[in-house]
Amino acid sequence: MQSSYIMNRLSEQMYVLADPQFSCPYVFEYVPARKLFGKIELLDQKIIENWNDTIKPSDTVLCLGDFMNGNHSMDESIRRLGDFSRQLNGKKLLLRGNHDNIETAKYYDSGWMSLIEYPLLMINGTMEWLTVPSKYCAC
């Protein structure tokens, strides 16, 4: 489905978030406060609870990359993508990050409305690319 089609039909409310990093065992290293959860499964569950407490099924969510992360086989990653995605409220759009490397069709199969590969934004009549400067990317 075309992104312009979706963005022209915004829902009740729009939310933007980045890097939920579901299923990422390394998140405790990079965000020490998350160590309070002890296990990644407990952190994932808390993110899901907070998401659904805030976002209604009719809302739109734009995820600015890195929905999931982790050292899993591709089959396991696809299974986890479906498990997490189906638990989350909202019409989900993903601006692909460096860890969002699952085949595009699998995102759609998991309920995502759109995947955005090369985001453009119109600013004062000029089309601008949304990118992360390479010096800030830990790819």
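Reader: Which residues make the nonpolar surface patch of about 330 Å²?

Author: Quick background: this is a predicted model, where local features need pLDDT of at least 70, side-chain atom pairs count only at pLDDT 80 or more, and totals for chains, interfaces and linings use all residues. Residues are numbered from 1 along each chain as its sequence is written, and side-chain values use heavy atoms, leaving out hydrogens and water. A patch takes residues with over 30% relative accessible area and no salt bridge (a side-chain nitrogen of Lys or Arg within 4 Å of a carboxyl oxygen of Asp or Glu); nonpolar side chains (Val, Leu, Ile, Met, Phe, Trp, Tyr) are joined within 5 Å, like charges within 9 Å. Here the patch is made by Leu 36, Phe 37 and Leu 42.

Reader: Is Leu 42 buried, partly exposed or exposed?

Author: Leu 42 lies in helix α3, residues 40–54. Buried means under 20% relative accessible area, exposed over 50%, and partly exposed in between (1.4 Å probe, protein chains only). Since its relative accessibility is 47%, Leu 42 counts as partly exposed.

Reader: What pattern does the protein follow along the sequence?

Author: Helices (H or I, at least four residues) and strands (E, at least two) are DSSP runs, numbered from the N terminus. There are five helices and six strands. Read along the sequence, they give α-β-α-α-β-α-β-α-β-β-β.

Reader: Which residues of strand β2 are buried?

Author: β2 covers residues 60–63, and both of its faces are covered. On one side sit Thr 60 and Leu 62, and on the other Val 61 and Cys 63. So the buried residues are Thr 60, Val 61, Leu 62 and Cys 63.

Reader: In β3, what is the bridge partner of Cys 63?

Author: Two strands pair if DSSP finds at least two bridges between them. β2 runs parallel to β1 (residues 14–17), with four bridges, and Leu 17 stands opposite Cys 63 there. β2 also pairs in the parallel sense with β3 (residues 91–95) over four bridges. In β3, the partner of Cys 63 is Leu 94.

Reader: Which residues does Ser 110 touch, not counting those up to four places away in sequence?

Author: Ser 110 is in the loop between α5 (104–109) and β4 (114–116), and is buried, with a relative accessible area of 6%. Contact means heavy atoms within 4.5 Å. By that cut-off, Ser 110 touches Leu 81, Gly 82, Ser 85 and Arg 86.

Key: Areas by Shrake-Rupley, 256 points an atom, 1.4 Å probe, with all protein chains shown as cover.
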